[in-house]
Amino acid sequence: MTRIGLLVVLLVELAAPVAAAQDFVPPKNNRHGGTRIGVFGFGVRGGLDLDSDGQFVLGTTLDMGDLFSDRLRLRPSFDLGVFNGPSTYSGSMDALWRFTADEEVAMPYVGLGFSVAGHQGCGDDPQCPDLWFNLTFGFELRYRSTFNWLLEYRALDALDRHRVFIGLTTRRGN
């Protein structure tokens, strides 16, 4: 058993330099005017809920494709609010209009969508889970060739709740 274990360790050490980690290479951004659906990128973000004693919110997003134009993007997301009160969650689907092309240094956008939202102890609340209308304003700033900084404001629940985020998101290929 000791010889087999030593042989496995030796093989792993010899193979480690060859099995280097792969870089994320986003799909190429071909010009088109139609609808494309797929996973073209992802993002992570953190921020504050401005209405609930400053609850900390963690989230993730997906770039799920284009609707009718390469400027109108489909973006689902999931957010989890923790600390300062009961934990909250929301799953959202937004359509974002990007004002500039992906190659620009700063890419502002605006979006509309909806969320299914709930909170800890949801089973005791007849209003939970709830359907919210969302309004999004934000911009991405070029960070590296494959990543952007994300700064975003989200008005949720028909402008009744407010969140701000900062995060990183992948860039589409050029």
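Start with the lining of the largest cavity, whose residues divide into 6 nonpolar, 5 polar and 8 charged; the model in the viewer is a predicted one, and every value along this tour is computed from it. To find the place, select Asp63, Arg73, Arg98, Glu140 and Thr169, which among the 19 lining residues are the closest to the centre of the largest cavity. The space enclosed there is about 220 Å³, and the count of cavities of 30 Å³ or more in this model comes to 2.

Keep that selection on display and add the strands around it. At least two residues of the lining come from each of β1 (36-49), β2 (55-67) and β3 (69-82), and the same holds for β4 (88-98), β7 (147-156) and β8 (161-170).

Now switch to a cartoon of the whole protein chain, where 1 helix and 8 strands can be traced. Followed from the N terminus, the order of elements is α-β-β-β-β-β-β-β-β, with the helix ahead of the strands. If the contacts are drawn for pairs with a separation of 6 or more, 49% of them link residues that are 24 or more positions apart.

A surface representation is the next thing to show. The accessible surface of the protein chain comes to about 10,200 Å², and carbon and sulfur atoms account for 68% of it, while buried residues make up 37% of the 174 residues.

Return to strand β1 and select Val44, which is found in that strand. Is Val44 buried, partly exposed or exposed? Val44 is partly exposed, because its relative accessible area of 47% falls between the limits of 20% and 50%. Apart from its neighbours within four places in sequence, Val44 is in contact with Gly59, Thr60, Gly167 and Leu168. For a distance label, choose the C-alpha atoms of Val44 and Phe165, which are 9.7 Å apart in space although 121 residues separate them in sequence.

Finish at the cysteines. A search of the whole structure finds 1 disulfide, and selecting Cys122 and Cys128 brings up this link, with a distance of 1.9 Å from S to S. Viewed along the S-S bond, the link of Cys122 and Cys128 has an angle of -110° and is left-handed. Are the two partners buried or exposed? Cys122 has a relative accessible area of 13% and Cys128 one of 11%, so both count as buried, the cut-off being under 20%.

Definitions and conventions: Residues numbered from 1 in each chain as written. Predicted model: local features only at pLDDT ≥ 70, side-chain atom pairs only at ≥ 80, totals over all residues. Heavy atoms only, no water. Helix = DSSP H or I, 4+ residues; strand = E, 2+ residues; numbered from the N terminus. Buried < 20%, exposed > 50% of the residue type's maximum accessible area, 1.4 Å probe, protein only. Contact = heavy atoms within 4.5 Å. Areas by Shrake-Rupley, 256 points an atom, 1.4 Å probe, with all protein chains shown as cover. 1 Å grid on protein atoms, 1.4 Å probe; cavity = no way out; pocket = protein on both sides within 12 Å on 5 of 7 lines; lining within 4 Å. Points joined across faces, edges and corners; volume = space filled by probe spheres on them. Nonpolar A, V, L, I, M, F, W, Y, C, P; charged D, E, K, R; others polar. Disulfide = S-S within 2.5 Å.
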